[in-house]
Amino acid sequence: MAGLHNESEQEPLLGDTPGSREWDILETEEHYKSRWRSIRILYLTMFLSSVGFSIVILSIWPYLQKIDPTADTSFLGWVIASYSLGQMVASPVFGLWSNYRPRKEPLIVSILISVAANCLYAYLHIPASHNKYYMLVARGLLGIGAGNVAVVRSYTAGATSLQERTSSMANISMCQALGFILGPVFQTCFAFIGEKGVTWDVIKLQINMYTTPVLLSAFLGILNIILILAILREHRVDDSGRQCKSINFEEASTDEAQVPQGNIDQVAVVAINVLFFVALFIFALFETIITPLTMDMYAWTQEQAVLYNGIILAALGVEAVVIFLGVKLLSKKFAQ
């Protein structure tokens, strides 16, 4: 993820006003490096959150049919909706939590919930009945874990100067898109394991093309927690790059400036949220009906549906990344 930063991340933040001959360093080199290490860890967190969401979206329907033949496409809709419902409920909770406590806390708790959800998903074959409801719970818990997206975006917005912010937020969106790309790609790579796979009798774990992706996601989640504990620090700067005091700071520094908050453009906030809603609404098409639709229309087997749809979504993801790169370039051009 370090490769996603741009030139603004490589230049020290200097000076009070552009064009001034007397340049004052607004933050130390150590603080600058720590700030960007923390931001890049959140790039990784966003990427892994997106991977955890998309790594199974193509195989949910065939896996649901396998573990519970009584499940129909209507119930599939509820399974998909449970993720979004969990994220909708958890996002404001984690956001409020991060306002008053160090952001490590909601991040780590949310990732632990995602790891537990992935483990539950891998063991959906164990219950003797009502397996489809266990899948509903697993996807809902995964959605709750994905509520940390709000924390990631708010941290990045508060830890970057006005000059850095647009590029950094574009990097977050790019990491999110990369996760959407590579999730189905990982699923496609595991398709060769097949539906039967192998069984680890000691812990009653079936390792097949449905469970391997979530086991990988759980492992990456644990790795993400370790990196957050080791590297992430609380940082906040104003629009000029000055260090600011924050209620989230682990250690308050006496030489940091307390900058008053400006008025929020409510219209812009509402417009952005509506656009984001529309984008996710469209994306819901892919995670709900694309697998059963292609299986019915083209007589694809379950393995073929996972493979070919993974290739289709990967191509769409590449297109999204190109657009995000264009946003970064255009924002730099028009910001000058």
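## The overall picture

Helices and strands are DSSP runs, a helix having at least four residues and a strand at least two, and they are numbered from the N terminus. With that in hand, we can place H130, which sits in the loop between α4 and α5. Keep in mind as you read that this is a predicted model.

The chain holds eleven helices and two strands. Following the sequence from start to end, you meet them in the order α-α-α-α-α-α-α-β-β-α-α-α-α. Among the contacts in the chain with a separation of 6 or more, 73% are between residues 24 or more positions apart.

## Inside and outside

How many of the chain's residues count as buried? The chain has 336 residues, and 47% of them are buried. On the outside, the chain exposes about 17200 Å², and carbon and sulfur atoms supply 67% of that area.

Helix α2 is a good example of a buried element. Why is α2 described as largely enclosed by the rest of the structure? Six of its eight residues are buried, so α2 is largely enclosed in that way. The buried residues of α2 are I60, W61, P62, Y63, L64 and I67.

## The nonpolar cores

The largest nonpolar core has 53 residues. The members that touch the most other members are I60, Y63, L64, L107, Y121, M135 and I228. Many elements take part in this core: α1, α2 (60–67), α3 (73–100), α4, α5, α6 (149–158), α7 (162–189) and α8 each give at least two residues. Helix α1 gives the most, with eleven residues. Apart from this core lies another one, made of nine residues that include F53, I57, A146 and L313.

To see what such a core member touches, take I228. Setting aside residues up to four places away in sequence, I228 touches I41, T45, K104, L107, I108 and I111. One of these partners, L107, is itself among the members of the largest core that touch the most others.

## Two cavities

How many cavities of 30 Å³ or more does the model contain? The count comes to two. The largest cavity holds about 190 Å³ of space. It is lined by 19 residues, and the closest to its centre are L48, S49, I111, S114 and S217. The elements giving two or more residues to this lining are α1 (29–54), α4 (104–122), α5 (131–145) and α8 (212–231). Which classes of residue make up the lining of the largest cavity? There are nine nonpolar and ten polar residues, and no charged ones.

The second largest cavity holds about 40 Å³ of space. Its lining consists of G52, V56, A117, N118, Y121, A138, R139, L142 and V214, and α4 and α5 each supply at least two of these residues. By class, this lining has six nonpolar residues, two polar residues and one charged residue. You have met Y121 already, as one of the members of the largest nonpolar core that touch the most others.

## Two residues of helix α4

Is S110 buried or exposed? This residue of helix α4 has a relative accessibility of 0%, and any value under 20% means buried, so S110 counts as buried. Leaving out neighbours within four places in sequence, S110 is in contact with F94, G145 and N148.

C119 is also found in helix α4. Its relative accessible area is 36%, so C119 is partly exposed. C119 and L215 are 96 residues apart along the chain, yet their C-alpha atoms are separated by 6.9 Å.

## Positive phi angles in the loops

Most residues other than glycine have a negative phi. Here are two residues to look at with that in mind. H130, in the loop between α4 and α5, has a positive phi near 60 degrees.

The other is K204, with a positive phi near 55 degrees. Where is K204 placed? Look in the loop between β1 (198–200) and β2 (205–207). K204 has a relative accessibility of 56%, so it counts as exposed.

How values were computed. Residues are numbered from 1 along each chain as its sequence is written. This is a predicted model: local features need pLDDT of at least 70, side-chain atom pairs count only at pLDDT 80 or more; totals for chains, interfaces and linings use all residues. Side-chain values use heavy atoms; hydrogens and water are left out. Buried means under 20% relative accessible area, exposed over 50%, partly exposed in between (1.4 Å probe, protein chains only). Contact means heavy atoms within 4.5 Å. Accessible areas come from the Shrake-Rupley method with a 1.4 Å probe; for residues, only the protein chains shown count as cover. On a 1 Å grid over the protein atoms alone, a cavity is a set of points where a 1.4 Å probe fits but cannot get out, and a pocket is an open set with protein on both sides within 12 Å along at least five of seven lines; lining residues have an atom within 4 Å of a point. Grid points are joined across faces, edges and corners, and a volume is the space filled by probe spheres set on the points. Ala, Val, Leu, Ile, Met, Phe, Trp, Tyr, Cys and Pro count as nonpolar, Asp, Glu, Lys and Arg as charged, and the others, Gly among them, as polar. A nonpolar core is a set of buried Ala, Val, Leu, Ile, Met, Phe, Trp, Tyr and Cys residues joined through side-chain atoms within 4.5 Å.
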